[in-house]
Amino acid sequence: MSSTDVRFRPATDTDGPSLARVIATVFADYPNCHFVPEEFPELDAPASHYAARDGRLWIATLDSDVVGSFALARTADADVFELFKVYLLPRARGGGTARAMLREALAHARARGGRRLRLWTDTRFAEGHRFYERNGFVRLPGSRAVPDASDTWEFAYSRPLDPAAP
């Protein structure tokens with residue numbers, strides 16, 4: 001499987017249950033990482049949620065199955081965008097799909113006047129941290145606690161959106 005096998009499309013509000021399955025599957029790979037639907041109210045209308053934040057959510061599909069997602073929204077700083085909902089099922093990893101997802105998000109942010117991209121990621125997601133660092137993100141000092149069923153702590157990452165970046 002390669003990134004050319006996976007297709008991206010804008011999410012619709014009916015994608016919530018499929019996206020919930022992807023997130024639950026990814027969380028199951030990590031100790032004490034629990035998917036609790038009530039902690040994800042945005043999945044009731046995911047496309048509308050990100051549109052209301054001046055953003056967009058994309059769905060990654062493979063053979064018409066939802067295998068991942070990523071979202072982008074403008075922050076209070078007009079030229080800073082934040083990346084959200086970056087999930088990819090294990091069967092869709094390793095073929096360049098995550099890199100293609102990031103390229104799409106970067107291009108979208110640049111086209112909308114973005115100069116910086118930031119994100120928060122669970123401290124347990126070490127594979128994701130390596131991916132972000134290989135792709136120009138720098139981990140910022142400190143971490144934050146998330147009051148959820150998994151006792152989540154998150155790291156912040158940031159990177160400039162220079163034209164030469166991937």
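Is Arg-74 buried, partly exposed or exposed, and what is its relative accessible area? Arg-74 is partly exposed, because its relative accessible area is 22%, and a residue counts as buried only under 20%. The model described here is predicted.

**Salt bridges**

The side chain of Arg-74 meets that of Asp-54 in a salt bridge, with 2.8 Å from N to O. Asp-54 sits in the loop between helix 2 (46–52) and strand 2 (55–62), while Arg-74 belongs to strand 3, so this pair ties together parts that are 20 residues apart in sequence. Asp-54 is partly exposed, since its relative accessibility is 33%.

The count of salt bridges in the model comes to nine. Another of them links Asp-15 with Arg-9, where the closest N and O atoms are 2.8 Å apart. The two partners can be told apart by their accessibility. Asp-15 counts as buried because its relative accessibility is 5%, whereas Arg-9, with a relative accessible area of 29%, is partly exposed.

A further salt bridge joins the side chains of Arg-124 and Asp-122, at 2.9 Å from N to O. Here Arg-124 is partly exposed, with a relative accessible area of 22%, and Asp-122 is buried, with a relative accessible area of 6%. Salt bridges that share partners also form one network, which joins Asp-54, Arg-74 and Arg-112.

The table lists the three pairs described above.

| Salt bridge | N to O distance | Acidic partner, relative accessibility | Basic partner, relative accessibility |
|---|---|---|---|
| Asp-15 and Arg-9 | 2.8 Å | Asp-15, 5% | Arg-9, 29% |
| Asp-54 and Arg-74 | 2.8 Å | Asp-54, 33% | Arg-74, 22% |
| Asp-122 and Arg-124 | 2.9 Å | Asp-122, 6% | Arg-124, 22% |

**Strand 4 and its neighbours**

Strand 4 covers residues 80–88, and eight of its nine residues are buried, so the rest of the structure largely encloses this strand. Strand 4 pairs with strand 3 (residues 65–74) in the antiparallel sense, over six bridges. Between strand 3 and strand 4 the chain makes a hairpin through five residues. One of the bridge partners in this pairing is Leu-88 of strand 4, which is matched with Gly-68.

Strand 4 also pairs with strand 5 (residues 116–122), in the parallel sense and over four bridges. In that pairing, Phe-81 stands opposite Leu-117 of strand 5.

Strand 4 also holds Lys-85. Phi of Lys-85 is near 50°, which is a positive value in a residue other than glycine. Lys-85 is buried, because its relative accessible area is 13%.

**A second positive phi**

Ser-64 is not a glycine, yet its phi is positive, at about 70°. This residue is found in the loop between strand 2 and strand 3. What is the relative accessible area of Ser-64? The value is 68%, and Ser-64 is therefore exposed. Lys-85, by contrast, is buried.

**A patch of positive charge**

On the surface, Arg-99, Arg-103, Arg-130 and Arg-134 gather in a patch of positive charge. Which helices each supply at least two residues of the positive patch? They are helix 3 (97–111) and helix 4 (126–134). Arg-134 lies in helix 4, and this residue counts as exposed because its relative accessibility is 62%.

**Two prolines**

Pro-10 has its place in strand 1 (residues 6–10). With 47% relative accessibility, Pro-10 counts as partly exposed. Pro-10 and Ala-60 are 50 residues apart in sequence, and their C-alpha atoms are 9.0 Å apart in space.

Pro-141 is located in the loop between strand 6 (138–139) and strand 7 (144–146). Pro-141 counts as exposed, since its relative accessibility is 82%. Between Pro-141 and Phe-27 there are 25 Å from C-alpha to C-alpha, and the two residues are 114 residues apart along the chain.

Terms used. Residues numbered from 1 in each chain as written. Predicted model: local features only at pLDDT ≥ 70, side-chain atom pairs only at ≥ 80, totals over all residues. Heavy atoms only, no water. Patch = residues over 30% accessible without salt bridge, like charges linked within 9 Å, V, L, I, M, F, W, Y side chains within 5 Å. Areas by Shrake-Rupley, 256 points an atom, 1.4 Å probe, with all protein chains shown as cover. Salt bridge = Lys/Arg side-chain N within 4 Å of Asp/Glu carboxyl O. Lys, Arg positive; Asp, Glu negative; His and termini not counted. Charge placed at Lys NZ, Arg CZ, Asp CG, Glu CD. Buried < 20%, exposed > 50% of the residue type's maximum accessible area, 1.4 Å probe, protein only. Pairing = 2+ DSSP bridges.
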